[in-house]
Amino acid sequence: MPTTADAFNAVAEPRRRQILDLLVEAERPVNDLVELTGLGQPQVSKHLRVLREVGAVQVRGRGRQRLYRLDPEALRPIFDWVSPYQRLWEERFEQLDDVLDELKEEEEGDGDDG
Amino acid sequence: MAMTDERKASLTTPTDDRILITRRFDAPRHLVFKAWTTPELVARWWTAKRGTAKVMEIDLRVGGRWRYSMETPDGQEVAFHGEYREIVPDERIVSTEVYEGAPLPPEELEANATLNTVTFAEEGEETVVTMLIQCPSHEVQEAILSSGMEDGLQDALDLLEGVARETGG
């Protein structure tokens, strides 16, 4: 079971992000990726293996070709984490938790008095 | 960070012009409603430690206006305002929201307001807050979701490099 850290690791390498970008556009065979990245086939295959291990890329056979496509679900933890709007609200809600703890204490205090 | 999954806010986009945020709080709903609608209390959470609260105006009645602003550490004012459309105490607030810093001519600002419905639901001792943000267009939804993206993304990429190094990338 790949961990989130694996997914982060997988996309931390710039060439792998480039491959992901290309797979966002279309399902592609290795040859396309070799041509578009200018890398050697062994390097592309190595990067694809890392991306497959974390589930970010899926592969299927079509005739003699193997086609690679992006599986964005594996990268969801990263998207969620990067989303600044979600982070803004997470941080607001954490502050709000503190405010609510205080309000609860105050209210319990009032209850004791009368 | 002691944040369980249950406490984590969920953010989804049910349609291409809506944003839905849900979060569970360990407090009765009249207190959550109070913290949501009392200026001194809003000042303590709305800034998310990203600046100093400046203006917290809440005229909590249908047709009443609200305006929040904060000053960021680099001296910029970040302000939002809107109008209340529906108020059910402890249960529901419907209001418009305009980001005053949107890169639009002033006359177009109001036309790009979102319509926000905040619902406070009691679940035992807890309260579930649901915020539905109805955007006037997909473009506005995208602008909201990517707000702060430049800084956020750079932070994230810097952190990613750190994570990659630590995991022996």
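## The hairpin of chain B

In this predicted model, strand 5 (residues 77-88) of chain B and strand 6 (residues 92-99) of chain B run antiparallel and are joined by six bridges. Within that pairing, B:Ile87 stands opposite B:Ile93 in strand 6 of chain B. The two strands form a hairpin with three residues between them, and B:Asp90 lies in the turn.

The backbone at B:Asp90 deserves a separate remark, since most residues other than glycine have a negative phi. B:Asp90, in the loop between strand 5 and strand 6 of chain B, has a phi near 70 degrees, a positive value in a residue other than glycine. With 16 other C-beta atoms within 10 Å, B:Asp90 counts as partly exposed.

## The sheet of chain B

The hairpin belongs to an open sheet of eight strands in chain B, arranged in the order 1-2-8-7-6-5-4-3 with antiparallel pairing. Its edges are strand 1 (10-12) and strand 3 (52-58) of chain B, each of which pairs on one side only, and the twist from one strand to the next averages 20 degrees.

On one side of the hairpin, strand 4 (residues 65-71) of chain B runs antiparallel to strand 5 of chain B and is joined to it by seven bridges; here B:Trp66 stands opposite B:Gly82 in strand 5 of chain B. Strand 6 of chain B, in turn, is joined by six bridges to strand 7 (residues 114-123) of chain B, again in the antiparallel sense, and in this pairing B:Ser95 has B:Asn116 of strand 7 of chain B as its bridge partner.

## Helix and loop beside the sheet

Helix 1 (residues 29-37) of chain B lies across four strands of chain B, namely strand 2 (18-25), strand 3, strand 7 and strand 8 (126-134), and it runs at about 150 degrees to strand 7 of chain B.

A further positive phi, of about 50 degrees, occurs at B:Ala48, which is not a glycine. B:Ala48 sits in the loop between helix 2 (39-45) and strand 3 of chain B, and it is partly exposed, with 17 other C-beta atoms within 10 Å.

## Chain A: overall arrangement

The secondary structure of chain A comprises six helices and three strands, which follow one another along the sequence in the pattern α-α-β-α-α-β-β-α-α. Of the 114 residues in chain A, 24% are buried. When contacts in chain A between residues at least 6 apart in sequence are considered, 52% of them join residues at least 24 apart.

The three strands of chain A form an open sheet in the order 1-3-2, with antiparallel pairing; strand 1 (28-29) and strand 2 (57-62) of chain A are the edge strands, each pairing on one side only. Strand 1 of chain A pairs with strand 3 (residues 65-70) of chain A over two bridges, and the bridge partner of A:Pro29 in strand 3 of chain A is A:Leu67.

## Two helices of chain A

Helix 2 (residues 14-25) of chain A has 12 residues, which at 1.5 Å a residue should span 16 Å; its end C-alpha atoms are 17 Å apart, which agrees with that expectation. Its buried residues are A:Arg16, A:Ile19 and A:Leu23. Because these residues cover an arc of only 55 degrees around the axis, they lie on the same side of helix 2 of chain A. The face turned away from this buried side carries the exposed residues A:Pro14, A:Asp21, A:Val24 and A:Glu25. Helix 2 of chain A lies across strand 1, strand 2 and strand 3 of chain A, running at about 95 degrees to strand 3 of chain A.

Helix 4 (residues 41-53) of chain A has 13 residues and reaches 18 Å from its first C-alpha to its last, close to the 18 Å expected at 1.5 Å a residue. The buried residues of helix 4 of chain A are A:Val44, A:His47, A:Leu48 and A:Leu51; seen down the helix axis they fall within an arc of 100 degrees, so they line one face of the helix. The exposed residues A:Pro42, A:Arg49 and A:Glu53 are carried on the face turned away from the buried side of helix 4 of chain A. A:Gly55, which follows helix 4 of chain A, has a positive phi near 85 degrees.

## Confidence of the prediction

The predictor gives the complex an ipTM of 0.85 and a pTM of 0.68. Chain B has an average pLDDT of 86, and 83% of the residues score at least 70. Where pLDDT is low, the predicted coordinates should not be read in detail.

Methods. Residues numbered from 1 in each chain as written. Chains lettered and ligands numbered in written order. Predicted model: local features only at pLDDT ≥ 70, side-chain atom pairs only at ≥ 80, totals over all residues. Expected span 1.5 Å × (residues − 1). Buried ≥ 20, exposed ≤ 12 C-beta atoms within 10 Å, placed from the backbone. Arc of directions from axis to C-beta. pLDDT = per-residue confidence, 0-100. Pairing = 2+ DSSP bridges. Contact = placed C-beta atoms within 7 Å. Axes fitted to C-alpha atoms, helices over the stretch in contact; angles between N-to-C directions.
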